[in-house]
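Here are my notes on the model you sent over. I've kept them as short points, so dip in wherever you like.

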Amino acid sequence: MRIVLLGAPGAGKGTQAKKISAKFGIPHISTGDILRNELKNSTGLGNKASEYMQAGKLVPDELIIEIIKHRLAEGNTGNPFLMDGFPRTLNQAIMFDNMLASMGISVEKVINIFVDKAELVKRLMGRRICHSCAGVCHIDLLQKGSENRCPICGGELYTRKDDAIKVIKERLRVYENQTKPLTDYYAKKGILYNIDGSGTENEITERLLQVL
Ligand code: AP5
């Protein structure tokens, strides 16, 4: 399986990618997670990406393409893969297609998870992440009095800096202008599948599995 997950910030790409990756044993490649890890370790790449991420802008294509080249060159991800948050611009999509063509492979399915804007904002504002196990949850599902504790491991929860309302608005604007047009690009190739991203996590997983 060589799959790309598309969708706005908060659509549930990361949540679903973890489940699909575990079920089929496909490597889950999240450019957002890779960048946050670089940032945490204060690497050159992390430092270059930081100001873009904190402002809700896209990191320049050249940096992202380098990340993907390295990741695919690691050998265990060349075939299959599950991309989450990449590609995000038309330029990235074209460069990715060329990169894969040089390896004699191509993207098989692009799954676009769509969710209405008010729900996206609600999901992002309530997202919490665990310092210990990196699990992602939503504040609405945490028990009263335990809002700072991970429901999986009890670790301390934190909020992503780019989940502040001002940055969320910018991320959604950037998505509309730069990433949403990719749906046309992949529809023309005949590999786009649209999935309704509203409902429970399990309902959405079922819809994804039907497409896969
Ligand atoms: P990235 O980390 O990729 O962020 P994103 O695309 O904005 O997506 P999110 O991680 O915010 O949302 P998600 O769809 O994964 O939702 P999740 O499953 O967590 O990128 C961050 C930044 O890095 C970018 O802004 C950019 O600067 C840079 N970057 C990354 N890739 C790049 C690229 N290719 N090019 C350039 N720059 C790049 O769910 C969200 C919340 O909703 C959670 O709390 C979850 O528990 C909850 N939830 C999930 N499903 C449901 C459901 N069904 N019902 C209710 N709640 C739900």
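**What lines the ligand site**

1. Sorting the residues of the shell around the ligand by type gives 13 nonpolar, eleven polar and ten charged. Keep in mind throughout that this is a predicted model.

2. Which residues come nearest to the ligand? Out of 34 residues around it, the nearest are Thr15, Thr31, Lys57, Arg127 and Arg171. If you're setting up a view of the site, those five names are a handy place to begin.

3. On the polar contacts, start with the backbone. Gly14 has a backbone N or O atom 2.9 Å from an oxygen atom of the ligand. Cys137 also uses its backbone: a polar atom there sits 3.0 Å from a ligand oxygen. With Gln92 the side chain does the work, placing an N or O atom 2.9 Å from a nitrogen atom of the ligand. As for cover, the ligand on its own has 1,000 Å² of accessible area, and the protein covers 94% of that.

4. Which elements give two or more residues to the shell? They are the helices α1 (13-24), α2 (31-40), α6 (117-125) and α9 (201-211), plus the strand β6 (136-138). The biggest share comes from α2, which gives four residues.

5. Now the sheets. One is open, has five strands and runs in the order β2-β3-β1-β4-β8, with parallel pairing. Why do β2 and β8 each have a side without a neighbour in the sheet? β2 (28-30) and β8 (192-196) are the edge strands and have a single partner strand each, so one side of each stays free of a neighbour in the sheet. From one strand to the next, the twist averages 20°.

6. Inside that sheet, β1 (residues 2-7) runs parallel to β3, and four bridges join the two. One register check you can do by eye: Val4 has Met83 in β3 as its bridge partner.

7. The other sheet to look at is open too, with three strands in the order β6-β5-β7, and here the pairing is antiparallel. Its edges are β6 and β7 (157-158), each of which pairs on one side only. Between β5 (residues 127-130) and β7 there are two bridges, in the antiparallel sense. Look for Ile129 opposite Tyr158 in β7 to get the register. Helix α6 packs on this sheet and touches both β5 and β6, with its direction at about 35° to that of β5. Both α6 and β6 came up in point 4, as elements that give two or more residues to the ligand shell.

8. A few backbone details deserve a look before you do anything with the torsions. The peptide bond from Phe86 to Pro87 is cis, and its omega is near -10°. Pro87 belongs to the loop between β3 (81-84) and α5 (90-102).

9. Where do the positive phi values of Ser42 and Ala134 turn up? Ser42, which is not a glycine, has phi near 50°, and its place is the loop between α2 and α3 (44-55). Ala134, again a residue other than glycine, has phi near 65°; this one is in the loop between β5 and β6.

Methods
Residues numbered from 1 in each chain as written. Predicted model: local features only at pLDDT ≥ 70, side-chain atom pairs only at ≥ 80, totals over all residues. Heavy atoms only, no water. Near = heavy atom within 4 Å. Polar contact = N/O pair within 3.5 Å; in protein donor to acceptor, adjacent residues only side chain to side chain. Areas by Shrake-Rupley, 256 points an atom, 1.4 Å probe, with all protein chains shown as cover. Nonpolar A, V, L, I, M, F, W, Y, C, P; charged D, E, K, R; others polar. Pairing = 2+ DSSP bridges. Contact = heavy atoms within 4.5 Å. Axes fitted to C-alpha atoms, helices over the stretch in contact; angles between N-to-C directions.
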